[in-house]
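Biologist: Got a few minutes to go through this model with me? I'd like to start with the rings and work outwards.

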Amino acid sequence: MTKEIKPIKTKQDYREALEAIESLFDSKPGTEAGNLLEVLSILVEKYENDHFTIDPPDPVEAIKFRMEQMGLERGDVVAAIGSRSRVSEVLSGKRGLTVKMIRNLHKRFGIPAESLIGSR
């Protein structure tokens with residue numbers, strides 16, 4: 001069962017590690033196969049973090065996504081953003097979020113602050 005464990009440096013190494021993980025996926029923790037699965041998963045995660053960066057969502061899209069998830073209407077976020085007109089301005093991209101708005105949206109709706117801090 002012992003497979004050579006090595007750093008993942010190329011796309012080929014990455015593909016081979018994914019294939020190995022797939023074959024080990026049902027391994028029990030603490031077994032030789034389970035330990036190999038855990039180590040390979042860590043190596044794959046490192047490779048993916050280094051090579052496949054995912055940018056945080058646009059703040060407005062993050063708000064709209066959470067509203068959709070929670071079945072909220074524009075009026076439901078007034079308390080976090082301000083007035084109805086302010087909500088409209090924010091959701092249309094005409095106004096950026098203030099620190100107070102970011103805190104309120106994070107606290108009330110659980111939107112990650114990192115998603116609300118944009119490059120606008």
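Modeller: Sure, and keep in mind that this is a predicted model. A ground rule before we count: rings of Phe, Tyr and Trp pair if their centres lie within 6.5 Å, with planes under 30 degrees apart called stacked, over 60 edge-to-face and the rest tilted.

Biologist: Fine, so how many aromatic pairs does that rule give?

Modeller: Going by ring centres, the count comes to 3 aromatic pairs. One of them joins Tyr14 and Phe52, whose centres are 5.6 Å apart. Their planes sit at 55°, and that makes this pair tilted.

Biologist: How many residues apart in sequence are the parts that the Tyr14 and Phe52 pair ties together?

Modeller: Tyr14 belongs to helix 1, residues 11-24. Phe52 is in the loop between helix 2 (32-51) and helix 3. So the pair links parts whose separation in sequence is 38 residues.

Biologist: And the rings of Tyr47 and Phe52: stacked, tilted or edge-to-face?

Modeller: Their centres are 6.1 Å apart, which is within the 6.5 Å limit. The planes meet at 75°, and over 60 degrees is the edge-to-face class. Tyr14, Tyr47 and Phe52 form one aromatic cluster, and the Tyr47 and Phe52 pair in it is edge-to-face.

Biologist: Is Phe52 buried, partly exposed or exposed?

Modeller: The cut-offs are under 20% for buried and over 50% for exposed. Tyr14 at 14% is buried, and Tyr47 at 5% is buried too. Phe52 has 45% relative accessibility, so it counts as partly exposed.

Biologist: Moving on to the nonpolar side chains, how many residues are in the largest nonpolar core?

Modeller: The residues with the most contacts inside it are Ile63, Val77, Ile81, Leu105, Phe109 and Ile111. Helix 3 (59-70), helix 4 (78-81), helix 5 (84-91) and helix 6 (99-109) each supply at least two of its residues. Apart from it lies another core of 12 residues, including Ala20, Ile21, Leu36 and Leu37. The size of the largest one is 18 residues.

Biologist: Which residues does Ile81 touch, beyond those up to four places away in sequence?

Modeller: Ile81 is one of the residues with the most contacts inside that core. With the sequence neighbours set aside, its contacts are Arg86, Val87, Val90, Met101 and Leu105.

Biologist: Over to helix 2: which residues is Leu40 in contact with, leaving aside neighbours within four places?

Modeller: Leu40 is found in helix 2, and at 4% relative accessible area it is buried. Its C-alpha is 7.6 Å from that of Ile5, although the two are 35 residues apart along the chain. The contacts of Leu40 are Ala20, Ile21 and Leu24.

Biologist: And Ser115, buried or exposed?

Modeller: Ser115 sits in helix 7, residues 113-116. It touches Pro57, Asp58, Pro59 and Ala62, again without neighbours up to four places away. Its relative accessible area is 12%, so Ser115 is buried.

Biologist: Last one, on overall shape: what radius of gyration does the protein chain have?

Modeller: The chain has 7 helices and 0 strands, and its C-alpha trace spans about 65 × 30 × 20 Å along the principal axes. Buried residues make up 28% of the 120 residues. A compact globule of 120 residues would come out near 14 Å, but the radius of gyration here is 22 Å.

Technical notes. Residues are numbered from 1 along each chain as its sequence is written. This is a predicted model: local features need pLDDT of at least 70, side-chain atom pairs count only at pLDDT 80 or more; totals for chains, interfaces and linings use all residues. Side-chain values use heavy atoms; hydrogens and water are left out. A nonpolar core is a set of buried Ala, Val, Leu, Ile, Met, Phe, Trp, Tyr and Cys residues joined through side-chain atoms within 4.5 Å. Buried means under 20% relative accessible area, exposed over 50%, partly exposed in between (1.4 Å probe, protein chains only). Helices (H or I, at least four residues) and strands (E, at least two) are DSSP runs, numbered from the N terminus. Contact means heavy atoms within 4.5 Å. Rings of Phe, Tyr and Trp (its six-membered ring) pair if their centres lie within 6.5 Å; planes under 30 degrees apart count as stacked, over 60 as edge-to-face and the rest as tilted. The radius of gyration is taken over C-alpha atoms; the globule rule is 2.2 Å times the number of residues to the power 0.38.
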